[in-house]
Amino acid sequence: MKQYDVAIIGAGVTGTSILYTLKKYTDVKDILLIEKYDKIAKVQSARTNNSQTLHIGDIESHYTLKTSTSVKKAASYVASYVDTHQGLHRNTPKMLLAVGQEEVERLKLWYEERKELFPYMRLIQREEIAKIEPKIVEGRDQGIPLLAIYTEQGYAIDYGKLSESFVKESQSEDILLNTKVLTIKKQNDYYTIKTNKKIIHAKVVVVAVSGHSLYFAHQLGYAKNLILLPIAGSFFNGPNYLKGKVYTMQNPKLPFAAVHGDPDVMNKNINRFGPIPKVIPMIERFNYNSIIDFLKLFRFRIDAILSLIKIVSDPTYYRYVLWNMTYDIPYFGKYAFAKEIRKIIPSVKGSELRYGKGIGGIRPQIVDVNTKTVEMGKAKIIGDRIIFNITPSPGASVCLNNAKIDVQHITKFLGKEFDEGKFNKDLVWKY
Ligand SMILES: Cc1cc2nc3c(=O)[nH]c(=O)nc-3n(C[C@H](O)[C@H](O)[C@H](O)COP(=O)(O)OP(=O)(O)OC[C@H]3O[C@@H](n4cnc5c(N)ncnc54)[C@H](O)[C@@H]3O)c2cc1C
């Protein structure tokens, strides 16, 4: 039976960017990509299931300066890739909006710290905000202070198309679709991957199946101290009031980007508002079998239960998460959500919003049962010739940087060469 050098499990933006980097910048020969669905990128990386934003760190007000700096570098590879490959993105203006005195003061400080890191962002006052996005100011109380930072150089990306482009550019023919990985077992110097179709052998395995990666890590005895807090994100659609992406100031205690509004990357005629975070016991949205996978991961361990109780009993969390549940209530939900969206568009009416049925995904936030806290940075587990990628947000923005890290490890495992100089040169970004 053929033994592959590398088997990559999962054909979302994480797995496909690793395939692309391995094929284009290394001398590794036999690489197999395995995907359970009939198409590339049907889950988190699908256009409908995420916010389509290239997160660079310039409008994410919950990032520290250190995070903004590292995310800028990590996301720059994707910016450069989509600049040189047609049809994957749309240039879109983007704005971070502060409403009320407290937020305005916070934004001023935030901007002062970052104006050299993001020289293309500029502070704009109410009059200019009104010219650029009139709906933000229309009908708003004049007494409420407003301030924003703004650029015309934002990116809205179709991460599904980006994944397809990585596969096409890799010119790989070893792709198994409709093939679900059931178990991974370590033999002496290779891994045996059992799928619903056949058994596969590979020297190195990269597991890039989002939240499910932790399930396989546990199967092989890794990271038993980690569990998942699955945060679903839903969207509402509405009229095309906004020309660009408008983000709001973030509550620093919450580990996900604040609700925002923007035109859809492929359909300028609708605005999307969200994502609306809520905790649900599934690893893959709309796949009810993944409730069982979540329970297997969780296994009703007392430390896991205590960790989740501790996290969700924080008033900031539970008030937010519980209130967000009301947005799902038929008929009433859109009126409740309109209240939240009025921070961006004061005149929006509940009757203008439509719940985005079947769209949205799940952010697999990692929880350490030892510390009983959400681990913001941890998303990768490196084992013996095996790597597990869990990829919470902004996993899609930083996928090529993640691929670079994985390929450094893979070539080391196999004693092969990675032309990192060429990777950095090809993917250099102008900002
Ligand atoms: C609401 C929301 C908004 C977001 N917004 C943004 C954003 O604006 N910008 C950003 O950068 N990031 C965003 N993210 C995060 C981003 O979408 C993810 O980090 C990224 O898409 C993860 O890609 P992935 O390839 O790791 O996972 P996926 O795209 O989910 O791919 C995993 C693949 O593995 C396959 N798979 C699973 N199990 C198996 C198995 N057993 N066998 C074989 N195949 C399997 C799946 O079918 C899937 O194709 C958002 C996430 C959410 C939920």
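## Overall architecture

Helices, taken as H or I runs of at least four residues, and strands, taken as E runs of at least two, are assigned by DSSP and numbered from the N terminus. On that basis, the protein chain contains 13 helices and 18 strands. The model is predicted.

For a chain of 431 residues, a compact globule would have a radius of gyration near 22 Å, and the protein chain agrees with this because its own value is 22 Å. Along the principal axes, the C-alpha atoms fill a box of roughly 70 × 50 × 35 Å.

## Packing of H1 against H12

Two packed helices are described by the angle between their axes and the distance between the axes. For H1 (residues 13-25) and H12 (residues 399-414), the angle is about 55 degrees and the axes are 8 Å apart. An angle from 35 up to 65 degrees falls outside the roughly parallel and roughly perpendicular ranges, and H1 and H12 are therefore oblique to each other. The crossing of H1 with H12 is right-handed.

On the H1 side, the contact is formed by Val13, Thr14, Ser17, Ile18, Thr21, Leu22 and Tyr25. On the H12 side, these meet Cys399, Leu400, Asn402, Ala403, Lys404, Asp406, Val407 and Ile410. By class, the residues of this contact comprise 9 nonpolar, 4 polar and 2 charged.

## Packing of H1 against H6

H1 also packs with H6 (residues 159-170), at an angle of about 25 degrees and with the axes 8 Å apart. Angles under 35 degrees count as roughly parallel, so H1 is roughly parallel to H6. H1 and H6 cross in a left-handed sense.

The H1 residues in this contact are Val13, Thr16, Ser17, Leu19, Tyr20, Lys23 and Lys24. Their partners in H6 are Tyr159, Leu162, Ser163, Phe166, Val167, Glu169 and Ser170. The contact of H1 with H6 divides into 7 nonpolar, 4 polar and 3 charged residues.

Val13 and Ser17 of H1 appear in the contact with H12 and also in the contact with H6.

## Surroundings of the ligand

The ligand is surrounded by 41 residues, of which the closest are Gly10, Gly12, Ser51, Gly233 and Gly395. Two elements, H1 and strand S15 (361-368), each give two or more residues to this shell. H1 thus has a part in the ligand shell as well as in the helix contacts with H12 and H6.

Sorted by class, the shell around the ligand holds 15 nonpolar, 21 polar and 5 charged residues.

How values were computed: Residues numbered from 1 in each chain as written. Predicted model: local features only at pLDDT ≥ 70, side-chain atom pairs only at ≥ 80, totals over all residues. Axes fitted to C-alpha atoms, helices over the stretch in contact; angles between N-to-C directions. Parallel < 35°, antiparallel > 145°, perpendicular 65-115°, else oblique. Left-handed = near helix turned anticlockwise from the far one by under 90°. Contact = placed C-beta atoms within 7 Å. Nonpolar A, V, L, I, M, F, W, Y, C, P; charged D, E, K, R; others polar. Near = placed C-beta within 6 Å. Rg over C-alpha atoms; globule rule 2.2 N^0.38 Å.
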